[in-house]
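Work through these exercises with the model open beside you. Try each task before reading its solution.

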Amino acid sequence: MDDSSLRRSGYIHLYGISQASAMIAMKREENVELAAIAGMLHDIYTYTAKDSQNHAQHSSVMAKEILESLKLFTAGEIHLICTAIYHHSNKEKIHSAFGEVLIDGDVLQHCLYSPLFQVMDYEKERYEKLKAEFQ
């Protein structure tokens with residue numbers, strides 16, 4: 001990304017969601033490491049292609065390629081991460097417990113700090129549930 005402001009916003013977004021997802025995973029007894037990785041990779045297509053159309057689906061394909069090339073993860077771990085990434089934009093539906101970790105991490109980052117994204121009403125509802133969950 002040539003624009004330093006957009007690049008900075010992008011890495012703040014990815015790191016923030018990675019951290020939020022790890023925290024949520026810890027609370028919900030999901031895999032913290034995989035949640036952090038899903039958070040870092042969830043928008044990879046958007047930032048590499050500079051295109052957000054169908055970014056969740058495209059990002060899941062890119063994430064799979066990256067994770068397979070590292071040879072550090074089982075097929076099941078890759079599937080878990082990539083399925084969560086694939087569905088993370090559909091925040092109005094529950095897909096899986098692990099997928100909810102990424103979606104809620106995304107929502108938490110949008111609501112706490114994300115200058116380029118408008119917080120949607122369904123995100124506000126999830127945010128209120130997260131505040132109650134974490135007291």
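A residue counts as buried when its relative accessible area is under 20%, as exposed when that area is over 50%, and as partly exposed in between. The model is a predicted one.

**Exercise 1. Decide how far helix α2 (residues 32-41) is enclosed by the rest of the structure.**

Solution.
- Step 1. Count the buried residues: seven of the 10 residues of α2 are buried, so the helix is largely enclosed by the rest of the structure.
- Step 2. Name them. Leu34, Ala35, Ala36, Ile37, Ala38, Gly39 and Leu41 are the buried residues in α2.
- Step 3. Find the cover. The elements over these buried residues include α1 (4-28), α3, α4, α5 and α6 (97-112).

**Exercise 2. Describe how α2 and α6 cross, and which residues make the contact.**

Solution.
- Step 1. Take the axes. Those of α2 and α6 come within 10 Å and cross at roughly 50 degrees.
- Step 2. Classify the angle. Angles under 35 degrees count as roughly parallel, and 65 to 115 as roughly perpendicular. The α2 and α6 helices are therefore oblique to each other.
- Step 3. Give the hand. The crossing of α2 and α6 is right-handed.
- Step 4. List the contact. Leu34, Ala35, Ala38 and Gly39 of α2 meet Phe98, Val101 and Leu102 of α6.
- Step 5. Sort by character. The residues of this α2 contact with α6 are six nonpolar, one polar and no charged.

**Exercise 3. Do the same for α4 (residues 55-70) and α5 (residues 75-87).**

Solution.
- Step 1. Take the axes. For α4 and α5 they come within 8 Å and cross at roughly 160 degrees.
- Step 2. Classify the angle. Over 145 degrees counts as roughly antiparallel. Helices α4 and α5 are therefore roughly antiparallel to each other.
- Step 3. Give the hand. The α4 and α5 crossing is right-handed.
- Step 4. List the contact. On the α4 side are Ala56, Gln57, Ser59, Ser60, Ala63, Lys64, Leu67 and Glu68; on the α5 side are Ile78, Ile81, Cys82, Ile85 and Tyr86.
- Step 5. Sort by character. The contact of α4 with α5 has eight nonpolar, three polar and two charged residues.

**Exercise 4. Examine the backbone at asparagine 54 and lysine 71.**

Solution.
- Step 1. Recall the rule. Most residues other than glycine have a negative phi.
- Step 2. Take asparagine 54. Its phi is positive, about 50 degrees, although asparagine 54 is not a glycine. It sits in the loop between α3 (44-49) and α4. At 47% relative accessibility, asparagine 54 counts as partly exposed.
- Step 3. Take lysine 71. Here phi is also positive, about 55 degrees, and lysine 71 is not a glycine. Lysine 71 is placed in the loop between α4 and α5. With 71% relative accessibility, lysine 71 counts as exposed.

**Exercise 5. Place glycine 10, leucine 72 and histidine 87: is each buried, partly exposed or exposed?**

Solution.
- Step 1. Glycine 10 belongs to helix α1. Its relative accessible area is 4%, so glycine 10 is buried. Its C-alpha atom is 7.1 Å from that of tyrosine 47, although the two are 37 residues apart along the chain.
- Step 2. Leucine 72 is in the loop between α4 and α5. At 63% relative accessibility, leucine 72 is exposed. Leaving out residues up to four places away in sequence, leucine 72 touches Leu67 and Glu77. The C-alpha atoms of leucine 72 and histidine 42 are 18 Å apart, with their positions 30 residues apart along the chain.
- Step 3. Histidine 87 lies in helix α5. Its relative accessible area of 26% makes histidine 87 partly exposed. Beyond its neighbours within four places in sequence, histidine 87 contacts His95 and Ile103. The C-alpha atoms of histidine 87 and glycine 99 are separated by 7.2 Å.

**Exercise 6. Summarise the whole chain: which elements does it have, and what is its radius of gyration?**

Solution.
- Step 1. Count the elements. The protein has seven helices and zero strands.
- Step 2. Check the size. A compact globule of 135 residues would have a radius of gyration near 14 Å, and the protein agrees, with 14 Å.
- Step 3. Give the box. Along the principal axes, the C-alpha atoms fill roughly 40 × 35 × 20 Å.
- Step 4. Give the burial. Of the 135 residues, 42% count as buried.
- Step 5. Look at sequence separation. Among contacts with a separation of 6 or more, 55% join residues 24 or more positions apart.

Methods: Residues numbered from 1 in each chain as written. Predicted model: local features only at pLDDT ≥ 70, side-chain atom pairs only at ≥ 80, totals over all residues. Heavy atoms only, no water. Axes fitted to C-alpha atoms, helices over the stretch in contact; angles between N-to-C directions. Helix = DSSP H or I, 4+ residues; strand = E, 2+ residues; numbered from the N terminus. Left-handed = near helix turned anticlockwise from the far one by under 90°. Contact = heavy atoms within 4.5 Å. Nonpolar A, V, L, I, M, F, W, Y, C, P; charged D, E, K, R; others polar. Rg over C-alpha atoms; globule rule 2.2 N^0.38 Å. Buried < 20%, exposed > 50% of the residue type's maximum accessible area, 1.4 Å probe, protein only.
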